[in-house]
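User: I should like to learn how the features of a protein model are read. Could we work through them one at a time?

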Amino acid sequence: MEKLVAELKKIIPFKETTVVGDIVIIAAKQPQMLVYAMVGDITRDESRKEEWWQVTMHLLAIPLQTVVWTLRTPQFTGDEIFTMGGEGRFIQAVRFDPPSTPPSGLDSQQQHPGNKRNRGLRVVK
């Protein structure tokens with residue numbers, strides 16, 4: 001599991017924190033999976049003395065599924081590989097940076113969101 005996480009960290013820009021609305025990568029050893037999920041909610045698990053969180057995630061796969069896992073902060077922020085049912089798991093939020101350059105083919109007027117030419121859809125005949 002450590003080798004997989006090291007490889008993921010080389011190719012994917014990860015965030016240091018995880019908040020509601022973030023897209024995370026979930027890696028699991030058994031069943032073997034690598035899937036994206038959107039964090040739907042993070043609430044304190046009041047049934048425990050220590051700091052644990054109920055993390056609701058919507059798996060972005062077919063079929064769509066919602067899971068709620070009880071995790072500590074280092075477990076859902078990528079600081080710690082953890083186990084569930086004796087099998088390794090890893091979760092960390094992905095950082096989506098805006099592109100540093102506009103897509104090719106757009107002239108300078110089309111690049112600015114306030115420009116009238118770039119508002120919504122238009123009919124082309």
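Analyst: The dialogue below takes up the sheet, a strand residue, the aromatic rings and the charged side chains. Please keep in mind that this is a predicted model.

User: Let us begin with the sheet. In what order do the six strands stand, and is the pairing parallel or antiparallel?

Analyst: The general idea is that strands of a sheet pair through backbone hydrogen bonds, in either a parallel or an antiparallel manner. In this model, six strands make up an open sheet with the order E4-E3-E2-E1-E6-E5, and the pairing is antiparallel. Strand E4 (65–71) and strand E5 (82–84) occupy the edges; each has a single partner strand, so one side of each lacks a neighbour in the sheet. On average, neighbouring strands of this sheet are turned by 40° against each other, direction ignored.

User: How many bridges join strand E3 to E4, and how many residues does the hairpin between them run through?

Analyst: Strand E3 (residues 53–59) and E4 run antiparallel and are joined by seven bridges. One of the pairs places Val55 opposite Trp69 of E4 as its bridge partner. The hairpin that leads from E3 to E4 passes through five residues.

User: Where is Gln65 found, and is Gln65 buried, exposed or partly exposed?

Analyst: Gln65 belongs to strand E4. Its relative accessible area is 41%, and Gln65 is therefore classed as partly exposed, a class that lies between the limits of 20% and 50%. Leaving aside residues up to four places away in sequence, Gln65 touches Met57, His58 and Leu59. The C-alpha atoms of Gln65 and Ala37 are separated by 9.3 Å, while the two residues are 28 residues apart along the chain.

User: Let us turn to aromatic rings. How many aromatic pairs does the structure hold, and which residues form them?

Analyst: Two values describe such a pair: the distance between ring centres and the angle between the planes, where an angle over 60 degrees counts as edge-to-face. The structure holds one aromatic pair. Phe14 and Phe90 form this edge-to-face pair, at 6.0 Å centre to centre and with 85° between the planes. Phe14 lies in the loop between helix H1 (2–11) and strand E1 (23–28), whereas Phe90 lies in strand E6 (residues 87–93), so the pair ties together parts 76 residues apart in sequence. Phe14 and Phe90 are both buried.

User: Now the charged side chains. How many salt bridges does the structure hold, and which residues form them?

Analyst: In general, side chains of opposite charge can pair when their charged atoms come close. The structure holds five salt bridges; three of them may serve as examples. Arg48 and Asp45 meet through their side chains at 3.3 Å, N to O. Arg48 is partly exposed, at 37% relative accessibility, whereas Asp45 is buried, with a relative accessible area of 9%. In a further case, Arg72 and Glu80 form a salt bridge with their closest N and O atoms 2.5 Å apart. Arg72 is partly exposed at 26% relative accessibility, and Glu80 is partly exposed at 23%. The side chains of Arg95 and Asp97 also meet in a salt bridge, at 3.0 Å, N to O; Arg95 is partly exposed at 36% relative accessibility.

User: Which ring does Arg48 lie over, and which ring does Arg72 lie over?

Analyst: Arg48 lies over the face of Trp52, at 4.6 Å from the ring centre. Arg72 lies over the face of Trp52 as well, at 5.6 Å from the ring centre.

Definitions and conventions:
Residues are numbered from 1 along each chain as its sequence is written. This is a predicted model: local features need pLDDT of at least 70, side-chain atom pairs count only at pLDDT 80 or more; totals for chains, interfaces and linings use all residues. Side-chain values use heavy atoms; hydrogens and water are left out. A salt bridge is a side-chain nitrogen of Lys or Arg within 4 Å of a carboxyl oxygen of Asp or Glu. Buried means under 20% relative accessible area, exposed over 50%, partly exposed in between (1.4 Å probe, protein chains only). Two strands pair if DSSP finds at least two bridges between them. Helices (H or I, at least four residues) and strands (E, at least two) are DSSP runs, numbered from the N terminus. Axes are lines fitted to C-alpha atoms, for helices over the stretch in contact, and angles run from 0 to 180 degrees between N-to-C directions. Rings of Phe, Tyr and Trp (its six-membered ring) pair if their centres lie within 6.5 Å; planes under 30 degrees apart count as stacked, over 60 as edge-to-face and the rest as tilted. A charge sits over a ring if NZ of Lys or CZ of Arg is within 6 Å of the ring centre and within 35 degrees of the ring normal. Contact means heavy atoms within 4.5 Å.
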